Amino acid sequence: MDGQILRCIRCGREFSDDEILYACPDCENLLEVIIPLADMDPKKLRKAFDSRPIGVWRYRELLPRIRLKAPISMNEGGTPLHLCSRLGGKLGIKNLYIKFDGMNPTGSFKDRGMTVGVSKAVDLKVKSVVCASTGNTSASLAAYSSLAGLKCIVMIPSGMIALGKLSQAMMHGATVFAVKGNFDDALDLVMKSSRELGLYVLNSVNPFRPEGQKTAAFEICDQLGCAPDSLVIPVGNGGNNAAYWKGFSEFKDIGLSKGLPRIYGIQAEGAAPIARAFAKKANKIEPVRNPDTIATAIKIGNPANWLKTMNAIRSSKGTSIAVPDEEIISAQKMVAQLEGLFVEPAAAASIAGLIKLLDAGEIDKREKIVCVATGHGLKDPDAAIKVSKKPIEIEPSMKSLRAALRN
Ligand code: F0G
């Protein structure tokens, strides 16, 4: 044992990192991986990191220990931190960046977590894996399971996920169950199937997955040379923002970066239990029964990671707010048409959220701001086509082209 353990986020009970556990048997809260940081030498780590290409496994000393010759990896991470001069200019900000995690191998940030989670699954000698998904998790798990030679079952809310994501899970050969219900119903079934059929769960309740996702925070510190002042990020099931907070905190605690960002968690108005809890200054969420939004990736009414998320956002002195679908669509178009980046609606929620937070004076225009674009726009072509100008039909003649250009 090199000192890594699992620990309950509420009661602090500790477990071996070789146990297959998603929640504390005493208090039923989620677990997190504790990486012992006290003896880490920042200079040695810096040298080791700098000797490797940017990406998830650059930071292997800060990741769960995995006893494989090589991780199950497709070179995930190392995604661009795009300086948004044109969008920033329009919003009156100089230091606006988009961390475009849609540039991962399967087109979303999920790959950061899956390379770690699936590697751990192989290490634990698991043969079958399962997840519930609004789309991206299933696409990523299906791809990484193929690479690892694992049997993969995914459960998606019937008729509610974007076509690109569904096509990925199908093409990678996963067994796809379309559950007659929403994401929350599908996740309930996944947890039952793990208890009764012994399937290994790779939703963000799995403590190893967020460990991979936290590397996006390490990358931002390395790309910017410091932590940003504010990080604006979409929130669905609540795992990713908590993973970022863990990443920023660990880098600072070791002495690899200075400062910590405020985390702003953005939800869609029709699926906003966490934003509502913040608005009411409540300590708990009230689940939303029938969540609804164009941003299907974050169409979640009962986020499993709600406590991790609320702890992360509160500790960072940030907050959570909700944005309506019209503002998500308009932000998606702004990013596409000013910066050339095609992000999916859930990812655009972070930019819609930023605009609202600037208007409210919650974020200062002089700050260094990073918005996280969690998924690629090509994942959801239907959503894009529905809100865009239709192609103009013309004859293959200059006359027809000239006439069309005059209109
Ligand atoms: N953005 C995208 C593109 C997502 O796919 C998700 C979650 C989120 C944001 C929210 O992240 O759940 O960690 O708060 N997608 C999951 C899925 C639920 O099944 O693909 P979160």
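Trainee: Which residues are closest to the ligand, and how many surround it?
Mentor: In this predicted model, 21 residues surround the ligand, and the closest are Ser133, Thr134, Asn237, Gly238 and Thr374. A residue belongs to that shell because one of its heavy atoms lies within 4 Å of the ligand.

Trainee: What makes the pairing of the ligand with Lys110 a polar contact?
Mentor: A nitrogen atom of the ligand is 3.0 Å from an N or O atom in the Lys110 side chain. The cut-off for such a pair is 3.5 Å, so the 3.0 Å pair qualifies as a polar contact.

Trainee: What about the backbone of Asn237 and that of Gly239?
Mentor: The same cut-off of 3.5 Å applies. An oxygen atom of the ligand is 2.7 Å from a polar backbone atom of Asn237, and for Gly239 the distance from a ligand oxygen to a polar backbone atom is 3.1 Å. Both values fall within the limit, so both pairs count as polar contacts. As for cover, the protein takes up 99% of the 480 Å² of accessible area that the ligand has on its own.

Trainee: Which helices supply at least two residues each to the shell around the ligand?
Mentor: Those are α4 (136-148) and α9 (239-254). By class, the shell holds seven nonpolar, 12 polar and two charged residues.

Trainee: Where does the ligand sit?
Mentor: The ligand sits in the largest cavity. That wording is used because more than half of the ligand's atoms lie within 2 Å of the cavity's grid points.

Trainee: Why is that space called a cavity?
Mentor: The term applies because a 1.4 Å probe fits there but cannot get out, with the protein atoms alone on the grid. One cavity of 30 Å³ or more is counted, and about 320 Å³ of space lies in the largest cavity.

Trainee: Which residues lie nearest the centre of the largest cavity?
Mentor: Phe109, Lys110, Gly236, Asn237 and Ala297 do, out of a lining of 29 residues. The elements giving two or more residues to this lining are α4, α7 (209-213) and α9, and α9 gives the most, with three. The classes are nine nonpolar, 17 polar and three charged residues.

Trainee: What makes the largest pocket a pocket rather than a cavity?
Mentor: Its set of grid points is open, with protein on both sides within 12 Å along at least five of seven lines, so the term is pocket. About 770 Å³ of space lies in the largest pocket.

Trainee: Which element gives the most to the lining of the largest pocket?
Mentor: That is α6, with seven residues. Its range is 183-197, and α11 (306-315) also gives two or more. There are 28 lining residues, and Glu28, Asp188, Met191, Val205 and Ala304 lie nearest the centre. By class, this lining has 16 nonpolar, five polar and seven charged residues.

Trainee: What is the volume of the second largest pocket, and which residues lie nearest its centre?
Mentor: The volume is about 410 Å³. Ile9, Glu32, Ala242, Trp245 and Lys246 lie nearest the centre, in a lining of 21 residues. Two or more residues come from each of β3 (31-34), α7, α9 and α11. Here α9 gives the most, with seven residues.

Trainee: How do you know that Trp245 goes with the nonpolar residues of that lining?
Mentor: Trp is on the nonpolar list, so Trp245 counts there. In total, the second largest pocket is lined by 11 nonpolar, three polar and seven charged residues.

Conventions. Residues are numbered from 1 along each chain as its sequence is written. This is a predicted model: local features need pLDDT of at least 70, side-chain atom pairs count only at pLDDT 80 or more; totals for chains, interfaces and linings use all residues. Side-chain values use heavy atoms; hydrogens and water are left out. A polar contact is a pair of N or O atoms within 3.5 Å; within protein, one must be able to donate a hydrogen and the other to accept it, and residues adjacent in sequence count only if both atoms are side-chain atoms. Accessible areas come from the Shrake-Rupley method with a 1.4 Å probe; for residues, only the protein chains shown count as cover. On a 1 Å grid over the protein atoms alone, a cavity is a set of points where a 1.4 Å probe fits but cannot get out, and a pocket is an open set with protein on both sides within 12 Å along at least five of seven lines; lining residues have an atom within 4 Å of a point. Helices (H or I, at least four residues) and strands (E, at least two) are DSSP runs, numbered from the N terminus. Grid points are joined across faces, edges and corners, and a volume is the space filled by probe spheres set on the points.
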